[in-house]
Amino acid sequence: MAEWYQVKAKVISQKGHCEAGQKVGDEFVISNTTPPGVCVWAFYTLFPFISALQAAGAFPWETDKDTTTVACPDAGNPVVFELRRIR
């Protein structure tokens, strides 16, 4: 069986007004359930990236294979998350 990792999502930037109340410094650990308090729209956007990191995947545009950044879909009030694979 392949190794499975947890992923930590951390808000690293937030501009405008986030309707879900996400703010810089918020952190969520994602394992096999959706963590409480995370915006469902942001989670929907983050999910493919989280899944890749959980399954030991990496993104060729990132210098650190354990990390990527992803923005929520609200272009007028963007929240940017750093996703980090937890070893």
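Begin by selecting strands E1 (6-14) and E4 (79-86), which pair in the antiparallel sense over eight bridges; strands here are DSSP runs of E with at least two residues, numbered from the N terminus, and two strands pair if DSSP finds at least two bridges between them. What you have open is a predicted model, in which local features need pLDDT of at least 70, side-chain atom pairs count only at pLDDT 80 or more, and totals for chains, interfaces and linings use all residues. Residues are numbered from 1 along each chain as its sequence is written, and side-chain values use heavy atoms, with hydrogens and water left out.

Staying with this pair, pick out Ser13, which stands opposite Val80 in E4.

Next, add the other strands, and an open sheet of four appears in the order E2-E1-E4-E3, with antiparallel pairing. Its edge strands are E2 and E3 (67-71), each of which pairs on one side only.

Now select helix H1 (40-54), a DSSP run of H or I with at least four residues, which lies across E1, E2, E3 and E4.

Finally, show the largest nonpolar core, which has 19 residues; such a core is a set of buried (under 20% relative accessible area, 1.4 Å probe, protein chains only) Ala, Val, Leu, Ile, Met, Phe, Trp, Tyr and Cys residues joined through side-chain atoms within 4.5 Å. H1 gives the largest share of this core, five residues. Among the residues with the most contacts inside the core is Leu46, which, leaving aside its neighbours within four places in sequence, is in contact (heavy atoms within 4.5 Å) with Val70, Phe81 and Leu83.

Terms used:
Buried < 20%, exposed > 50% of the residue type's maximum accessible area, 1.4 Å probe, protein only. Axes fitted to C-alpha atoms, helices over the stretch in contact; angles between N-to-C directions.
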